[in-house]
Amino acid sequence: VLRDRGIIIKVIPGSNYLIELRDKLYDGDTSRYSNQQVIDHMSKKLSIKDIQNLSYSIKLDKDLFRHLINMTPLTWGTTSDKLNDLYREDISSITVDLSIVSATKRD
């Protein structure tokens, strides 16, 4: 239960979140994700006070890339053949794109 003066902070992937990986998984169709539905749903229940966008690229070696593939929900339903194809990809950096939303109870 959110107290009267409590704040909810939610971190939501942006449209370019892991874009390099999504490009490989979805054969170049990276227009599939938008966080607008999540933000709209939050705004129906809460009073959104601020949205901060954060985007940066991080270098990856093969081991880090393998860990990323294994941990991200983007690959959880992927076939083993597709995963093996991803492990062989030469992706040396990945984009982190996030929206940090802070909200309070509605007045």
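Which residues does Ser99 touch, not counting residues up to four places away in sequence? Ser99 touches Lys10, Val11, Ile12, Asn35, Ile51, Gln52 and Asn53. The model behind this report is predicted.

**Ser99 and its surroundings**

Start with the place of Ser99. This residue sits in strand E3, which covers residues 93–105. Is Ser99 buried or exposed? Ser99 counts as buried because its relative accessibility is 6%, and the cut-off for buried is under 20%. One of its contacts deserves a closer look. The side chains of Ser99 and Asn35 are joined by a polar contact of 3.2 Å. Asn35 also appears in the list of residues that Ser99 touches.

**The nonpolar cores**

Now turn to the nonpolar residues. In soluble globular proteins, nonpolar side chains tend to be buried together. The largest nonpolar core in this model has twelve residues. They are Leu18, Leu21, Leu25, Leu60, Phe65, Leu68, Ile69, Leu83, Leu86, Tyr87, Ile91 and Ile94. Which helices each supply at least two residues of this core? Helix H1 (19–25), helix H3 (62–71) and helix H4 (80–87) do. Another core lies apart from it. That other core has seven residues, among them Leu2, Ile12, Met42 and Ala103.

Take three members of the twelve-residue core in turn.

Leu21 belongs to helix H1. With a relative accessible area of 0%, Leu21 is buried. Leaving aside neighbours within four places in sequence, Leu21 is in contact with Phe65, Ile69, Thr72, Leu74, Leu86 and Ile94. Of these contacts, Phe65, Ile69, Leu86 and Ile94 are listed in the core too.

Leu18 lies in the loop between strand E1 (8–13) and H1. Its relative accessibility is 2%, so Leu18 counts as buried. The backbone of Leu18 has a feature to look for. Leu18 is not a glycine, yet its phi is positive, at about 50 degrees.

Tyr87 is also part of this core. Not counting residues up to four places away in sequence, Tyr87 touches Lys62, Arg66, Ile69 and Asn70.

**The largest pocket**

Rolling a probe the size of a water molecule over the atoms shows where empty space is left. In this model, the largest pocket holds about 160 Å³ of space. Ten residues line this pocket. Which of them are the closest to its centre? Pro13, Tyr17, Arg22, Tyr33 and Leu74 are. How does the lining divide by residue type? Six of its residues are nonpolar, two are polar and two are charged.

Ser15 touches two of the residues closest to the pocket centre, Arg22 and Tyr33. Ser15 also touches Asp97, when residues up to four places away in sequence are not counted. The place of Ser15 is the loop between E1 and H1. Ser15 counts as partly exposed because its relative accessibility is 39%.

**Sequence and space**

Separation along the chain and separation in space can be set side by side. The table gives C-alpha to C-alpha values for four pairs.

| Pair | Apart in sequence | Apart in space |
|---|---|---|
| Leu21 and Ile8 | 13 residues | 29 Å |
| Asp107 and Leu46 | 61 residues | 8.9 Å |
| Ser15 and Thr79 | 64 residues | 24 Å |
| Leu2 and Lys105 | 103 residues | 7.2 Å |

Look at Leu2 and Lys105. Their C-alpha atoms are separated by 7.2 Å, although 103 residues separate them along the chain. Leu2 is found in the segment before E1. Not counting residues up to four places away in sequence, Leu2 touches Ile7, Ile8, Leu46, Thr104 and Lys105.

Asp107 lies in the segment after E3. Is Asp107 buried or exposed? Asp107 is exposed, because its relative accessible area is 92% and the cut-off for exposed is over 50%. The partner of Asp107 in the table is Leu46, which Leu2 also touches.

Conventions. Residues are numbered from 1 along each chain as its sequence is written. This is a predicted model: local features need pLDDT of at least 70, side-chain atom pairs count only at pLDDT 80 or more; totals for chains, interfaces and linings use all residues. Side-chain values use heavy atoms; hydrogens and water are left out. On a 1 Å grid over the protein atoms alone, a cavity is a set of points where a 1.4 Å probe fits but cannot get out, and a pocket is an open set with protein on both sides within 12 Å along at least five of seven lines; lining residues have an atom within 4 Å of a point. Grid points are joined across faces, edges and corners, and a volume is the space filled by probe spheres set on the points. Ala, Val, Leu, Ile, Met, Phe, Trp, Tyr, Cys and Pro count as nonpolar, Asp, Glu, Lys and Arg as charged, and the others, Gly among them, as polar. Helices (H or I, at least four residues) and strands (E, at least two) are DSSP runs, numbered from the N terminus. Buried means under 20% relative accessible area, exposed over 50%, partly exposed in between (1.4 Å probe, protein chains only). A polar contact is a pair of N or O atoms within 3.5 Å; within protein, one must be able to donate a hydrogen and the other to accept it, and residues adjacent in sequence count only if both atoms are side-chain atoms. Contact means heavy atoms within 4.5 Å. A nonpolar core is a set of buried Ala, Val, Leu, Ile, Met, Phe, Trp, Tyr and Cys residues joined through side-chain atoms within 4.5 Å.
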